[in-house]
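Reader: I would like a close look at one part of this model, namely the largest pocket and the elements around it. Please take me through the lining first and then outward to whatever the surrounding elements connect to.

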Amino acid sequence: MLHENSTLVDVKHEVLYRVAKAAFEGDLEEAVQRIPYEIVGTTPKFRCCIYKEREVIRERISLARNRDPITGEPCHNTVQILPAACEGCPITRYVVTDNCQKCMVKKCQGACNFGAITMFKDKAYIEPKLCRECGKCHAACPYNAIADLLRPCKKSCPVDAISMDENMRVRIDDEKCIRCGACIKDCPFGAVSDSSRMVEVIEHLLSDKKVYAMVAPAGEGQFGPGITMESLRVGLKKMGFEDMFEVALGADFVAFEEAKEWGEAYKEGKKMTTSCCPAFVHMIRRHFPSLAENISTTISPMAATARMIRALDKDAVCIFIGPCIAKKSEAGQSQHIQGENADLVLTFEELYAMLVAKEIVLEPMDYENQQGSVHGKNFAKSGGVTAAVKEALKEQGVTDEIKVFTCNGAAECKKALMMMKAGKLPEDFLEGMICTGGCVSGPGVIKTSVQAAADRNRSVALADERTIGDSIAAHGDLEFSMHRSEETEG
């Protein structure tokens with residue numbers, strides 16, 4: 001049960017944990033009715049009343065089952081709105097503060113083209129029904145007395161995919177949304193959240209299928225001091241997974257293949273972008289479609305790892321586990337050809353809830369069974385892809401001085417893509433990471449990149465000095481394609 005000091009993270013974890021526990025125990029349908037009462041209790045903690053709180057919990061339960069909170073249908077966009085939770089934000093974007101001097105020039109009033117500003121006894125007033133949120137009054141005021149109270153979710157969206165409906169609740173334009181999860185991270189009320197395929201993963205684990213976990217490089221440092229990839233492997237096998245593979249291994253395959261692709265493009269004078277970050281790929285396809293042909297055809301590390309696993313076991317069910325919301329659109333719902341990618345995706349938040357539900361405690365373990373190189377592990381950080389591809393080029397004997405623009409965050413990605421579109425990008429290639437800092441700062445983490453940094457650095461430092469070529473050679477007998485066979489969007 002929640003208490004007054006519980007945070008939004010606590011609320012989300014509590015719902016995921018209870019849904020996971022019920023799914024493992026086989027009584028989810030019955031639990032759906034009782035969970036809101038178990039979590040909320042009889043005294044309101046965050047909202048106006050317990051009924052509102054219970055409704056928010058019900059909507060979170062729907063998302064934890066990959067269902068639209070309103071229609072009950074499966075979610076297409078993994079980024080969803082909780083209607084009952086969307087409140088508390090300023091409805092009027094521009095508000096006159098007490099700094100207003102009610103000056104004689106009345107620049108704010110003169111700048112408004114809609115007659116929305118009048119002068120009251122003490123200060124100016126903006127009529128919400130007339131205001132069109134153009135911002136001219138805000139810019140004109142000499143005393144900075146008009147505050148711009150842009151909603152946090154809308155402010156954080158890098159592609160202007162968020163607007164308001166007739167009730168002033170948030171609405172997401174699915175055709176613009178790149179599934180980055182920035183709005184999820186920045187909404188103070190948790191009114192924007194991600195849908196989960198966790199229940200489907202649990203159903204696979206309870207079946208007689210062979211289910212393999214694929215843990216992203218960003219997993220190192222997420223679960224505390226001394227928790228290595230071997231710790232995760234043991235814990236996941238206790239949960240019911242057949243085995244666990246490091247996606248750093250898939251990253252090595254990607255670096256080696258992308259190096260060949262970059263080398264060929266460089267000779268042809270063609271500029272290219274990376275394809276590892278699905279939110280970056282969405283940004284290109286949806287907002288810079290003329291540059292779609294510049295995206296590397298090399299698949300992502302997630303897809304490479306899934307294809308490698310299926311080369312070992314053709315009936316494998318592959319579950320990616322990482323910090324990324326956009327990966328959910330890259331796999332599962334947008335997968336049209338069997339074997340192209342991971343089947344389903346879990347965030348670290350969802351995995352943690354499942355571990356707690358099964359009462360599995362991860363134990364510190366020695367660094368054994370290393371699969372990927374340090375270069376593959378560093379795909380998790382901004383600049384890591386570039387460094388790995390350059391290392392692969394070096395291992396392949398390429399001596400050309402290839403220039404790469406490393407885009408750290410959505411704003412830099414947009415700027416670089418605009419330059420490329422205009423033909424003014426001096427660099428040969430773009431590495432795009434929508435999350436500032438890279439995957440380690442993704443919206444599905446349980447520790448921020450700052451909190452996890454020391455543990456991650458200690459873990460990665462234990463890795464051996466194998467090259468990218470060494471990593472690939474260890475699996476040289478496996479045959480699978482490293483390129484996309486069909487363009488998909490989700």
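Author: What follows starts at the largest pocket and works outward through its neighbours.

The model is a predicted one, and the values below are computed from its atoms. The largest pocket holds about 560 Å³ of space. Its lining consists of 24 residues, and those closest to the centre of the pocket are Val9, Lys12, Glu349, Pro443 and Val445. Several elements take part: at least two lining residues each come from H1, helix H7 (182–186), strand S8 (192–194), helix H14 (348–357) and H18. Of these contributions that of H1 is the greatest, with six residues in the lining of the largest pocket.

Two of the central lining residues, Pro443 and Val445, lead to Gly444, which sits in the loop between strand S15 (429–433) and helix H18 (449–461). Gly444 counts as buried because its relative accessibility is 0%. Although Gly444 and Pro323 are 121 residues apart along the chain, their C-alpha atoms are separated by 4.2 Å. Once neighbours within four places in sequence are set aside, the contacts of Gly444 are Gly322, Pro323, Thr347, Phe348 and Glu349. Glu349 therefore appears twice in this account, as a contact of Gly444 and as one of the residues closest to the centre of the largest pocket, while its place among the buried residues of H14 ties it to the burial of that helix, where eight of the ten residues are buried, so that H14 is largely enclosed by the rest of the structure.

The buried residues of H14 are Phe348, Glu349, Glu350, Leu351, Ala353, Met354, Leu355 and Ala357. Just after H14, Glu359 takes a positive phi of about 55°. Met354, one of the buried residues of H14, also belongs to the largest nonpolar core, which has 50 residues, and in which Val19, Leu232, Leu236, Met239, Phe241 and Met354 touch the most other members. Helix H1 (residues 8–25) gives the most to this core, with eight residues, and H1 is also the element that gives the most to the lining of the largest pocket. Apart from this core lies another, of 46 residues, including Cys180, Phe280, Val281 and Phe288. As a general point, nonpolar side chains in soluble globular proteins tend to be buried together.

Phe241 shows how the largest core reaches a further set of strands. Leaving aside neighbours within four places in sequence, Phe241 is in contact with Val201, Leu205, Val211, Tyr212, Ala213, Leu236 and Ile319. Strand S9 (residues 211–215) pairs in the parallel sense with strand S10 (residues 243–246), over four bridges, and Val215 has Glu246 of S10 as its bridge partner. Together with helix H9 (residues 229–239), S9 and S10 make a right-handed β-α-β unit.

On the other side of the loop that holds Gly444, the account turns to S15. This strand has the middle place in an open sheet of three strands, in the order S11-S15-S14, with parallel pairing. The edge strands, each pairing on one side only, are strand S11 (272–273) and strand S14 (404–408). S14 and S15 run parallel and are joined by five bridges; within this pairing Cys407 has Gly432 of S15 as its bridge partner, and Val404 stands opposite Phe429 in S15. With helix H17 (residues 410–421), these two strands make a right-handed β-α-β unit.

Ser382 meets both of these strands from the loop between helix H15 (374–377) and helix H16 (384–395). Its contacts, apart from neighbours within four places in sequence, are Thr406, Cys407, Asn408, Glu431, Met433, Gly437 and Gly438. Ser382 counts as partly exposed, because its relative accessibility is 24%. Between Ser382 and Gly409, which are 27 residues apart in sequence, the C-alpha to C-alpha distance is 8.5 Å.

Enclosed space completes the picture, for the structure holds seven cavities of 30 Å³ or more. The second largest cavity has about 310 Å³ of space. It is lined by 27 residues, and Cys276, Cys277, Cys324, Lys327 and Cys439 lie nearest its centre. Helix H10 (247–268), helix H11 (278–287) and helix H12 (301–312) are the elements that give two or more residues to this lining.

Note on methods:
Residues numbered from 1 in each chain as written. Predicted model: local features only at pLDDT ≥ 70, side-chain atom pairs only at ≥ 80, totals over all residues. Heavy atoms only, no water. Pairing = 2+ DSSP bridges. Right-handed = clockwise from strand over helix to strand, strands pointing away. Core = buried A, V, L, I, M, F, W, Y, C linked by side-chain atoms within 4.5 Å. Buried < 20%, exposed > 50% of the residue type's maximum accessible area, 1.4 Å probe, protein only. Contact = heavy atoms within 4.5 Å. 1 Å grid on protein atoms, 1.4 Å probe; cavity = no way out; pocket = protein on both sides within 12 Å on 5 of 7 lines; lining within 4 Å. Points joined across faces, edges and corners; volume = space filled by probe spheres on them.
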